[in-house]
Amino acid sequence: MKNKNIVVIGGNSGIGAALVERLQNLGSHVFSYSRSQEGDSQLDVTKDFDTIKNLPEVIDGLVYCPGTINLKPFHRFSIEDFQNDYNVNVLGAVRVLLNCMKGLKKSSSASVVLFSTVAVGVGLGFHSSISSAKGAVEGLAKSLAAEWSVNKIRVNVIAPSLTDTPLANQLLSSDDKKEASNKRHPLGRYGKPEDISSAALYLLSEDASWMTGQVLHLDGGMSAIR
């Protein structure tokens, strides 16, 4: 990863921050953007934008981390809830991909990493809005993997289960909630940002140079075993 140009959207906290730190330690040139950063690094993916400032001419890797956790019974969701989840998870990614496409095509071996959720592959109650949005992310990734393969751009998805990030604070706000979350996973614990950033680092690297159009289920076994 040394001297590779990697763009990380949502690189100021959680999984994105863990990934940025690892990439920098490996000598990558990291271009991190998020809504909470300042100056040219500030980017609100829910708004329409024509350009992303200070992107490198050649982009070797792009990771889109922004997401939502909006859980409640289906009858309590509004149309606006579904629209917001779709805007952050899908349209935000589309906006970024459109801006980064030219730079990705200039790389000799580019990699795009998007994020889904275990709830797309496993029916989980109260997840109808986020599952709908993340299902669209998986479809987007597979289509782009096919379309961009001629440009040697790989597009893959990580589908994690519950991970200890600021986004999940309410779900892990007490010892009882943490223990209940541990018990729901066959491996006996919920995820850490480092678990997911390790997978993202792999997908960005040449070690994954023959992998595209895949959904990597990183969920403590929840999607596969009981």
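These are my notebook entries on helix packing, nonpolar cores and a few single residues in a predicted model.

**Entry 1: α1 against α6**

I began with two helices that are far apart in numbering, α1 (residues 14–25) and α6 (residues 193–204). At what angle do they pack? I read about 55°, with the axes 8 Å apart. An angle of that size makes α1 and α6 oblique to each other. I also noted the handedness: α1 passes α6 in a right-handed crossing.

Next I looked up who meets whom. From α1, the contact takes in Gly14, Ile15, Ala18, Leu19, Arg22 and Leu23. Facing them in α6 are Pro193, Glu194, Ile196, Ser197, Ser198, Ala200, Leu201 and Leu204. Sorted by class, the contact of α1 with α6 holds nine nonpolar, three polar and two charged residues.

**Entry 2: α2 against α4**

My second pair was α2 (residues 79–105) and α4 (residues 128–148). Here the angle is about 20°, and the axes are again listed as 8 Å apart. Under 35 degrees counts as roughly parallel, so that is how α2 lies to α4. The crossing of α2 past α4 is right-handed.

I jotted down some of the contact residues. On the α2 side they include Asp81, Phe82, Asp85, Tyr86, Val94, Leu97, Leu104 and Lys105. On the α4 side I found, among them, Ser128, Ile130, Ala133, Lys134, Val137, Leu140, Leu144 and Trp148. The class count for the contact of α2 with α4 is 14 nonpolar, four polar and four charged residues.

**Entry 3: the nonpolar cores**

Then I turned to the interior. As a reminder to myself, nonpolar side chains tend to be buried together in soluble globular proteins. Which residues touch the most other members of the largest nonpolar core? They are Ile9, Leu62, Val96, Leu104 and Val112, out of 31 residues in that core. Two or more residues each come from β1 (5–9), β3 (61–64), α2, β4 (110–115), α4 and β5 (153–160). Helix α4 gives the largest share of this core, with seven residues.

I followed up leucine 62. Neighbours within four places in sequence aside, leucine 62 is in contact with Val7, Ile9, Val96, Leu97, Cys100, Leu104, Ser111, Val112, Val113 and Leu204. Another core, of 18 residues, lies apart from the largest one; Ala200, Leu201, Leu203 and Leu204 are among its members.

**Entry 4: valine 96**

Valine 96 was worth a page of its own. It sits in helix α2. Is valine 96 buried or exposed? Its relative accessible area is 1%, and under 20% counts as buried, so valine 96 is buried. Not counting residues up to four places away in sequence, valine 96 touches Ile9, Leu43, Val45, Phe49, Ile52, Leu62 and Tyr64. I also checked a distance to histidine 75, 21 residues away along the chain: the C-alpha atoms of the two are separated by 32 Å.

**Entry 5: lysine 105**

Still in helix α2, I looked at lysine 105. With a relative accessible area of 38%, lysine 105 is partly exposed. Setting aside neighbours within four places in sequence, I found lysine 105 in contact with Trp148, Asn151 and Ile153. How many residues separate lysine 105 and valine 58 in sequence? The count is 47, while their C-alpha atoms are 7.9 Å apart in space.

**Entry 6: asparagine 70 and phenylalanine 126**

I moved on to the loops. Asparagine 70 is in the loop between β3 and α2. Its relative accessible area is 18%, and asparagine 70 is therefore buried. Beyond neighbours within four places in sequence, asparagine 70 contacts Phe77, Asp81, Asp85 and Phe126.

That last contact led me to phenylalanine 126, which lies in the loop between α3 (118–121) and α4. Phenylalanine 126 is exposed, at 52% relative accessible area.

**Entry 7: positive phi angles**

Last, I looked at backbone angles. Most residues other than glycine have a negative phi. Phenylalanine 126 is not a glycine, yet it has a positive phi of about 70°. Asparagine 54 is likewise not a glycine and has a positive phi of about 65°. Where is asparagine 54? I found it in the loop between β2 (29–33) and β3. Asparagine 54 is exposed, with a relative accessible area of 53%.

Note on methods:
Residues numbered from 1 in each chain as written. Predicted model: local features only at pLDDT ≥ 70, side-chain atom pairs only at ≥ 80, totals over all residues. Heavy atoms only, no water. Axes fitted to C-alpha atoms, helices over the stretch in contact; angles between N-to-C directions. Helix = DSSP H or I, 4+ residues; strand = E, 2+ residues; numbered from the N terminus. Parallel < 35°, antiparallel > 145°, perpendicular 65-115°, else oblique. Left-handed = near helix turned anticlockwise from the far one by under 90°. Contact = heavy atoms within 4.5 Å. Nonpolar A, V, L, I, M, F, W, Y, C, P; charged D, E, K, R; others polar. Core = buried A, V, L, I, M, F, W, Y, C linked by side-chain atoms within 4.5 Å. Buried < 20%, exposed > 50% of the residue type's maximum accessible area, 1.4 Å probe, protein only.
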